[in-house]
Amino acid sequence: MAIQTSKSALGEIKGSVGNDTIYKWRSLTVLRQRLRFRDKNKISRKQHNQNNIFKLVTVTLHKIKSAIKMGYQQQKNTVMTPMNAAVSYHMLNAVVGDPQNLRIDPAKIKISHSIWATQNVWKPSLMATANKQITVTWELNPYPQKSTRLDDQVVIQLYHEDNHYFYRCPIPLRDALVFNRTLNNIDVGRLLHCYMFVVSANGKLVSPTAYLGTVTVLA
């Protein structure tokens with residue numbers, strides 16, 4: 001229903017007319033189209049596929065949102081959050097398969113995006129030992145850059161592809177030279193992918209993601 005008010009360029013009315021709404025904002029008279037609810041049955045196949053890709057990526061990355069926040073650096077003038085940047089990268093680069101069988105390629109996962117870089121660890125090695133323990137060892141770089149510090153944090157993530165699951169992991173320092181994570185009985189026999197990056201103590205420097213390959217959990 002339209003209501004007559006004071007003089008305006010829109011025929012001295014305000015309210016709803018058809019699919020449009022006329023209202024006052026400060027000294028302006030504004031005409032705006034009313035929002036319409038989308039009929040899910042009318043979503044195109046391309047939109048449906050894109051929604052499925054978005055859901056797959058967000059559900060997977062949500063489990064490591066704290067690591068993403070540490071690792072995905074953004075320019076100071078950007079409005080994109082670290083999580084938005086990570087989702088965008090993985091939607092464009094890491095999702096493979098046909099629309100009925102979408103999956104994330106583990107080799108293409110990146111848990112960090114470096115703009116202001118530091119060195120990753122030197123000669124990392126991934127292994128599984130008895131009692132469901134996963135171990136990563138590394139050495140101190142004999143050719144350290146000026147930005148390399150012993151109190152840099154080493155962020156390591158273990159990923160199970162079948163159920164899109166990341167395991168919570170402790171964060172050792174660069175000079176610890178070792179990472180250990182003991183898993184549960186249900187994890188025995190699972191194939192896990194391992195990723196790592198280094199972030200400075202003040203959070204300002206980040207290394208690119210290193211993919212360490214796979215390891216099978218032992219009993």
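## I109 and its neighbours

Let's start at I109 in this predicted model. Leaving aside residues up to four places away in sequence, I109 touches H90, I104, Y159, F166, Y195 and T209.

## Two nonpolar cores

I109 is also one of the residues with the most contacts inside the largest nonpolar core, alongside V57, I64 and I104. That core has 25 residues. Two or more of its residues come from each of α1 (45–61), α2 (65–71), α3 (82–93), β9 (153–160) and β12 (191–199). The biggest share belongs to α3, which gives 5 residues.

Another core lies apart from this one. It has 19 residues, and I134, V136, Y167 and M196 are among them.

## K63, between two helices

Now have a look at K63, which sits in the loop between α1 and α2. K63 has a relative accessible area of 35%, so it falls in the partly exposed class, between the cut-offs of 20% and 50%.

Not counting residues up to four places away in sequence, K63 touches H164, Y165 and F166. For K63 and H164, the C-alpha atoms are 9.2 Å apart, although 101 residues separate the two along the chain. The K63 side chain also reaches the backbone oxygen of V59, at 3.1 Å. F166 is worth a second glance: it is touched by K63 and by I109.

## A nonpolar patch on the surface

Over at the surface, L140, L150 and L177 form a nonpolar patch, and together they have about 240 Å² of accessible area. Of these, L150 is found in the loop between β8 (133–139) and β9. L150 counts as partly exposed because its relative accessibility is 47%.

Key. Residues are numbered from 1 along each chain as its sequence is written. This is a predicted model: local features need pLDDT of at least 70, side-chain atom pairs count only at pLDDT 80 or more; totals for chains, interfaces and linings use all residues. Side-chain values use heavy atoms; hydrogens and water are left out. A nonpolar core is a set of buried Ala, Val, Leu, Ile, Met, Phe, Trp, Tyr and Cys residues joined through side-chain atoms within 4.5 Å. Buried means under 20% relative accessible area, exposed over 50%, partly exposed in between (1.4 Å probe, protein chains only). Helices (H or I, at least four residues) and strands (E, at least two) are DSSP runs, numbered from the N terminus. Contact means heavy atoms within 4.5 Å. Patches are made of residues with over 30% relative accessible area and no salt bridge: like charges are joined within 9 Å, nonpolar side chains (Val, Leu, Ile, Met, Phe, Trp, Tyr) within 5 Å. Accessible areas come from the Shrake-Rupley method with a 1.4 Å probe; for residues, only the protein chains shown count as cover. A salt bridge is a side-chain nitrogen of Lys or Arg within 4 Å of a carboxyl oxygen of Asp or Glu. A polar contact is a pair of N or O atoms within 3.5 Å; within protein, one must be able to donate a hydrogen and the other to accept it, and residues adjacent in sequence count only if both atoms are side-chain atoms.
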